[in-house]
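Reader: I would like to go through this model term by term, asking what each label rests on. Could you set every value against its cut-off before concluding?

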Number of protein chains: 2
Amino acid sequence: MRLEILPVEGIGDITAGDDLAALITSAAPWLADGDVLVVTSKIVSKAEGRLVEVPADGPERDEARVRALESETARVVARRGPTTIVQTHHGFVMAAAGIDASNVDKTHLVLLPADPDASARRLRADLAARGLDVAVIISDTMGRAWRNGLTDVALGAAGIDALLDHRGEIDPYGNELNLTQMAVVDELSAAAELVKGKCDQVPVAVVRGYPIRRTGADAGVSVLIRDAESDMFGLGTAEARAEGLREAAVLADATGPVAELRAVERALRLVSEVLTPGTGIEMSARRGAVDSADAVRLTPAGSEPADFARLGADAHRLRLALATEGVISRVAFDDEGATLRFGEA
Amino acid sequence: MRLEILPVEGIGDITAGDDLAALITSAAPWLADGDVLVVTSKIVSKAEGRLVEVPADGPERDEARVRALESETARVVARRGPTTIVQTHHGFVMAAAGIDASNVDKTHLVLLPADPDASARRLRADLAARGLDVAVIISDTMGRAWRNGLTDVALGAAGIDALLDHRGEIDPYGNELNLTQMAVVDELSAAAELVKGKCDQVPVAVVRGYPIRRTGADAGVSVLIRDAESDMFGLGTAEARAEGLREAAVLADATGPVAELRAVERALRLVSEVLTPGTGIEMSARRGAVDSADAVRLTPAGSEPADFARLGADAHRLRLALATEGVISRVAFDDEGATLRFGEA
């Protein structure tokens, strides 16, 4: 296998309603069956009229940008200084929802295509109507966690599987690959970016020679979107830490399983420095359950009202420490102290 | 500009001490000045002897894997089920520290090269000694946040700038680009992966026709590593949330600025459902400071010891709610209630 990556030059300015298939085939009459066409999302957005009008400058421009960001945002993932990373309605996690003010006149912002997989399917169909059987990828430039610098990735695709599944293949040493699914549409987008440039008006590139795999439904890039529950980085670190603090403030009484003795001991160790000196701490377990605890009894260091108030604060601290160990508790206060209970009893 | 991506076939098995420059030039006698050579990290590791011996199966194998992971780990970023994402000593954030059991016999694990930038510089120098002026990238396959599927990225580079800086360029509409730095070595790695395959023993590919930029020091891939403080995703969501809970458990008295009245009100709203009904709440501010609060006084709903214990728990909840608003507090308990103070007074 050898690949060629070819820029498509001379496409020029795109405005709403433009026929991309016509413009691309006239700029690249050499386009051939089996090519992978990688189209920068910006020209797709422009052709589809996905622009919002904004003032050219001043605070009104900033306000209009904020409004556009809000309308493109499904949820905020992380914020720091001027940067807001959100999950878009499509499911992409991107700075500023992919809204862009470059390569457009100063009175417009460019939004992402509303449904990039559908845009890719439409463009592929339009090219098919002209007798061309190509795969279409719609790409955009994105940042990522942990690494500086941006790369191009795919927002939409048609006529090509987004993932190339190596699972089940056997390597030359007899090991079965069990995790490897390559995001080939992202790699094709990155490859295409290398010939595009940012200010050179080369919004389309062609990858030639790639053995396109296409199985079953034309699912597009949607298969690359990881749902929030299975993502280990669904929230920014600062945001998740703040969420932990909020949970701690409103922690409710609840019933979970009986606690492991060692978990309770670890929780007590965590708060040992902050509990009021002299506080009485006694663990209890049901008869015969040697490695478990179903309650901790706390008694105050003295008999004044302030001693009981300190005990109450300490009880909440210990409940939070238990929560970090996965131990669910409920608390009862009486006139001699506090009891934290775990388990059904 | 047009690029070609060419696989280098017939390199065969690599063992410790092998001369990669000799093997690559003999497999690819067509290699030419200006080419970008993208080498899979695994063969670099093998040539450098970065292998650990492990039992072929059984619990001893798992234990040896855990030990290898620990020694390659600078810090754990996130854990879920069998997956551990760590930051390596190089600074890369990767599942299992990039340790791999594929494409190696069953009694070895392959570690990442100890210093991939140095490995790239060495290979580039070895090729230069053979009269070839090429850029060298050492690549590996990585997962990423938010998107399914893996892509190849660069671990090391020599003779090429890792980042291509578009900042300051003016687009055709007169807008100055102010954020765009492309991680071109990652895009070149991704492009090369497209011709490599996983079990096909094509560990090297060449990108031909790319206008290599090389300015100043040969800093390699190190410039792509984002330090933990400037990374908004330095910890997994669950880990950061747990850290928030732990902070809440051990929250210490501290002195910060006077609080904004609205921040205190938001904190009170957050805990309003969980505070003991009947608790007395009074905010106070210094004379003339209408929008700020320097203390909140809490008094118990009754006069029994248990009422004071509940008040103590409520005081800690409110302090946590204030902390989510950035309000730093200290608490004093007396025989009539509790006072939370903000600011120096």
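Author: Let me begin with burial: a residue is buried at under 20% relative accessible area, exposed at over 50% and partly exposed in between, with a 1.4 Å probe and protein chains only. The model is predicted, so local features need pLDDT of at least 70 and side-chain atom pairs pLDDT of 80 or more, whereas totals for chains, interfaces and linings use all residues. Residues are numbered from 1 along each chain as its sequence is written, chains are lettered from A and ligands numbered from 1 in the order in which they are written, and side-chain values use heavy atoms, with hydrogens and water left out.

Reader: What makes α8(B) mostly covered?

Author: Of the 20 residues in α8(B), 16 are buried. The name itself comes from DSSP: helices are H or I runs of at least four residues, strands are E runs of at least two, and both are numbered from the N terminus.

Reader: How do you know that the reach of helix α8 of chain B is close to what is expected?

Author: The expected span is 1.5 Å times one less than the number of residues. For the 20 residues of α8(B), 305–324, this rule gives 28 Å, and the helix reaches 29 Å from its first C-alpha to its last. After α8(B) comes B:Gly326, with a positive phi near 80°.

Reader: How does α6(A) fare under that rule, and which of its residues are buried?

Author: With 14 residues, α6(A) reaches 20 Å, close to the expected 20 Å. Its buried residues are A:Thr237, A:Ala240, A:Gly244, A:Leu245, A:Ala248 and A:Ala249. They pack against α8 of chain A and also against α6, α7 and α8 of chain B.

Reader: How many aromatic pairs are there over all chains?

Author: Rings of Phe, Tyr and Trp (its six-membered ring) pair if their centres lie within 6.5 Å, and planes under 30 degrees apart count as stacked, over 60 as edge-to-face and the rest as tilted. By this rule there are two aromatic pairs over all chains. One of them joins A:Trp146 to A:Phe233, edge-to-face, at 4.8 Å centre to centre and 80° between the planes. A:Trp146 lies in the loop between β8 and β9 of chain A and A:Phe233 in the loop between β12 and α6, so the pair ties together parts that are 87 residues apart in sequence. A:Trp146 and A:Phe233 are both buried.

Reader: Why is the pair of B:Trp146 and B:Phe233 called edge-to-face?

Author: The ring centres of B:Trp146 and B:Phe233 are 4.8 Å apart and their planes stand at 80°, so the pair meets the edge-to-face condition. This pair, too, links distant parts of its chain, 87 residues apart. B:Trp146 is buried because its relative accessible area is 9%, and B:Phe233 counts as buried because its value is 2%. In addition, B:Trp146 has a positive phi near 75° although it is a residue other than glycine.

Reader: Why is B:Ala96 called partly exposed?

Author: Its relative accessible area is 28%, so B:Ala96 falls between the two burial limits. B:Ala96 lies in the loop between β6 and β7 of chain B, and its phi is positive, about 55°, although it is not a glycine.

Reader: What makes A:Glu72 buried, and with which side chain does A:Glu72 make a polar contact?

Author: A:Glu72, in helix α3 of chain A, counts as buried because its relative accessibility is 9%. A polar contact is a pair of N or O atoms within 3.5 Å; within protein, one must be able to donate a hydrogen and the other to accept it, and residues adjacent in sequence count only if both atoms are side-chain atoms. The side chains of A:Glu72 and A:Arg50 make such a contact at 3.1 Å.

Reader: Which residues touch the most other members of the largest nonpolar core?

Author: A nonpolar core is a set of buried Ala, Val, Leu, Ile, Met, Phe, Trp, Tyr and Cys residues joined through side-chain atoms within 4.5 Å. The largest has 64 residues, and those touching the most other members are A:Ile137, A:Val185, A:Tyr210, B:Ile137, B:Val185 and B:Tyr210. A second, separate core of 58 residues includes A:Ala249 and B:Leu275.

Conventions
Contact = heavy atoms within 4.5 Å.
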